Amino acid sequence: MADEINYDGAHSTSDVRYAGFWMRFWAYLADLIIVFSVNGILLVPFHFMENGFQLDIGFWTVTGIISSIVFYLYFLLMTKFYNQTLGKMIFGLKVIREDRQSLKWSDLLFREVIGRFIYRVFAIASLLYLFVAFTAQKQGLHDMIGNTRVVMEQK
């Protein structure tokens, strides 16, 4: 049997430790604090425009559009370039592909954009995040869609 390639690119036959529900929850909470802080800084100028009235584009507000773009870009770009967000860095977690190869844009578009969009738009889908607690490889719906896993970082 050939050696597997782990998420750091090194050859290894040892199993990885999958990150459980609570570790991922705390990492996500840290990420939300970071994203909301960045959005707060970016969106302050809009409070002073038009005497504080919201700028609307159809059904959406400009601030809503910008904050959504920041949210999705944060998760997408951090995961693509670092295999982890700042919250995952704090808690020692990393995103890997199912086959342990490098993450592709297509994997991340499904995981970070489509998967997170489903969670945010359909409130009942948030309960599906509990899959992480009960699946063998601790996968959420967005992990299943993107064929990814979240693992404990090996030092």
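In what order do the elements of the protein run from the N terminus on? The order is β-β-α-β-β-α-α-β-α-α-α-β. That comes to six helices and six strands. The model is a predicted one, and confidence in it varies along the chain.

Start with that confidence. The mean pLDDT of the protein is 83, and 83% of the residues score at least 70. Helix α3, residues 86-91, has the highest value, at 97. Strand β2, residues 11-12, has the lowest, at a mean of 44. The pLDDT is below 50 over residues 1-13. Even so, this stretch has 21 contacts in the model beyond near neighbours in sequence.

Next, the overall packing. The protein has 155 residues, and 37% of them count as buried. Take the contacts between residues at least 6 apart in sequence: 68% of these join residues at least 24 apart. About 9,500 Å² of the protein is exposed. Carbon and sulfur atoms supply 67% of that area.

Now look for empty space. Rolling a probe the size of a water molecule over the atoms shows where such space is left. The largest pocket holds about 320 Å³. It is lined by 13 residues, and those closest to its centre are Tyr28, Arg116, Tyr119, Ser126 and Tyr129. Two elements give two or more residues to the lining: α1 (21-48) and α4 (105-121). By type, the lining residues of the largest pocket divide into six nonpolar, two polar and five charged.

One of the residues closest to the pocket centre, Arg116, deserves a second look. Arg116 lies in helix α4. Is Arg116 buried or exposed? Its relative accessible area is 7%, under the 20% cut-off, so Arg116 is buried. Which residues does Arg116 touch, not counting those up to four places away in sequence? They are Tyr28, Phe71, Tyr72, Phe75, Lys88, Arg111 and His142. Tyr28 thus appears twice, as a contact of Arg116 and among the residues closest to the centre of the largest pocket.

Phe81 offers a contrast. This residue is found in helix α2, residues 62-82. Its relative accessible area is 55%, over the 50% cut-off, so Phe81 is exposed. Where does Leu103 stand relative to Phe81? The two residues are 22 apart along the chain, and their C-alpha atoms are separated by 9.0 Å.

Note on methods
Residues numbered from 1 in each chain as written. Predicted model: local features only at pLDDT ≥ 70, side-chain atom pairs only at ≥ 80, totals over all residues. Heavy atoms only, no water. Helix = DSSP H or I, 4+ residues; strand = E, 2+ residues; numbered from the N terminus. Buried < 20%, exposed > 50% of the residue type's maximum accessible area, 1.4 Å probe, protein only. Contact = heavy atoms within 4.5 Å. Areas by Shrake-Rupley, 256 points an atom, 1.4 Å probe, with all protein chains shown as cover. 1 Å grid on protein atoms, 1.4 Å probe; cavity = no way out; pocket = protein on both sides within 12 Å on 5 of 7 lines; lining within 4 Å. Points joined across faces, edges and corners; volume = space filled by probe spheres on them. Nonpolar A, V, L, I, M, F, W, Y, C, P; charged D, E, K, R; others polar. pLDDT = per-residue confidence, 0-100.
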